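Work through the exercises below with the sequence and the model open. Try each task before reading its solution.

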Amino acid sequence: QDKCHKGPCKPCKLLPRYQKTCPCGKIPLSLLGNIRKSCIDPIETCPNICEKKLECQVHSCQDKCHTGPCPPCNAQVKVP
């Protein structure tokens, strides 16, 4: 996922040895039953709510566990 660069690439962050939990980080992949063998194997999601901090750093993601970035914060707040 890095931009084109000189020199060797870093190890893939999606390798099974680096990905130990579902994308939200709450459940170990070993408990979800999907045994990944390479970085292109899908990372299984769990049924929990993601709850990662959104870009606003105030609210958390309310989507189900998912791969990829969380959606932008759409929370409406009153500003004095």
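The exercises concern a predicted model, and each solution goes step by step.

**Exercise 1. Overall form**

Task: Find how many helices and strands the protein has, and compare its radius of gyration with that of a compact globule of 80 residues.

Solution.
Step 1. Count the elements: the protein has 1 helix and 0 strands. The helix is H1, residues 29–32.
Step 2. Take the radius of gyration. The protein has 16 Å, whereas a compact globule of 80 residues would have a value near 12 Å.
Step 3. Look at the extent of the C-alpha trace, which spans about 50 × 40 × 15 Å along the principal axes.
Step 4. Check burial and contacts. Of the 80 residues, 16% are buried. Among contacts between residues at least 6 apart in sequence, 18% join residues at least 24 apart.

**Exercise 2. The nonpolar core**

Task: Which residues make up the largest nonpolar core, and what does Cys24 touch beyond four places away in sequence?

Solution.
Step 1. Recall the general tendency: in soluble globular proteins, nonpolar side chains tend to be buried together.
Step 2. List the members. The largest nonpolar core has 7 residues: Cys22, Cys24, Leu29, Leu32, Ile43, Cys46 and Cys65.
Step 3. Take one member, Cys24. Leaving aside residues up to four places away in sequence, Cys24 touches Cys46, Cys50, Lys52 and Cys65.
Step 4. Compare the two lists: Cys46 and Cys65 are core members, and both are touched by Cys24.

**Exercise 3. A buried charge**

Task: Arginine 36 is buried; which side chain of opposite charge is nearest, and how far away is it? Then find the backbone oxygens that the arginine 36 side chain reaches.

Solution.
Step 1. Place the residue: arginine 36 is in the segment after helix H1.
Step 2. Look for a partner. The nearest side chain of opposite charge is that of aspartate 41, 5.5 Å away.
Step 3. Apply the cut-off. A salt bridge needs a side-chain nitrogen of Lys or Arg within 4 Å of a carboxyl oxygen of Asp or Glu, and arginine 36 has no salt bridge.
Step 4. Turn to the backbone. The arginine 36 side chain reaches the backbone oxygen of serine 38 at 3.3 Å. A polar atom of that side chain also lies 3.1 Å from the backbone oxygen of aspartate 41.
Step 5. List the surroundings. Not counting residues up to four places away in sequence, arginine 36 touches Leu14, Leu15, Pro16, Gln19, Leu29, Asp41, Pro42 and Ile43.

**Exercise 4. The salt bridge**

Task: How many salt bridges does the count give, and which residues form a salt bridge with closest N and O atoms 2.8 Å apart?

Solution.
Step 1. The count comes to 1 salt bridge.
Step 2. Name the pair: glutamate 51 and lysine 26, whose closest N and O atoms are 2.8 Å apart.
Step 3. Place the partners. The pair links distant parts of the chain, with lysine 26 in the segment before H1 and glutamate 51 in the segment after H1, 25 residues apart.
Step 4. Classify their exposure. Glutamate 51 counts as partly exposed because its relative accessible area is 49%. Lysine 26, at 35%, is also partly exposed.

**Exercise 5. Positive phi**

Task: What is the phi of glutamate 51, and what is the phi of glutamine 57?

Solution.
Step 1. Start from the rule: most residues other than glycine have a negative phi.
Step 2. Glutamate 51 has a phi near 65°, a positive value in a residue other than glycine.
Step 3. Glutamine 57 is not a glycine either, and its phi is positive at about 65°.
Step 4. Add the setting: glutamine 57 is in the segment after H1, and this residue is exposed because its relative accessible area is 55%.

**Exercise 6. Proline 23 and histidine 66**

Task: Are proline 23 and histidine 66 buried or exposed, and what do they touch?

Solution.
Step 1. Place them: proline 23 is in the segment before H1, and histidine 66 is in the segment after H1.
Step 2. Use the cut-off for buried, under 20% relative accessible area. Proline 23, at 17%, is buried. Histidine 66, at 15%, is buried.
Step 3. List contacts, not counting residues up to four places away in sequence. Proline 23 touches Ile43, Glu44, Thr45, Lys52, Cys65, His66 and Thr67. Histidine 66 touches Pro23, Thr45, Cys50 and Cys61.

How values were computed: Residues numbered from 1 in each chain as written. Predicted model: local features only at pLDDT ≥ 70, side-chain atom pairs only at ≥ 80, totals over all residues. Heavy atoms only, no water. Helix = DSSP H or I, 4+ residues; strand = E, 2+ residues; numbered from the N terminus. Buried < 20%, exposed > 50% of the residue type's maximum accessible area, 1.4 Å probe, protein only. Lys, Arg positive; Asp, Glu negative; His and termini not counted. Polar contact = N/O pair within 3.5 Å; in protein donor to acceptor, adjacent residues only side chain to side chain. Contact = heavy atoms within 4.5 Å. Core = buried A, V, L, I, M, F, W, Y, C linked by side-chain atoms within 4.5 Å. Rg over C-alpha atoms; globule rule 2.2 N^0.38 Å.
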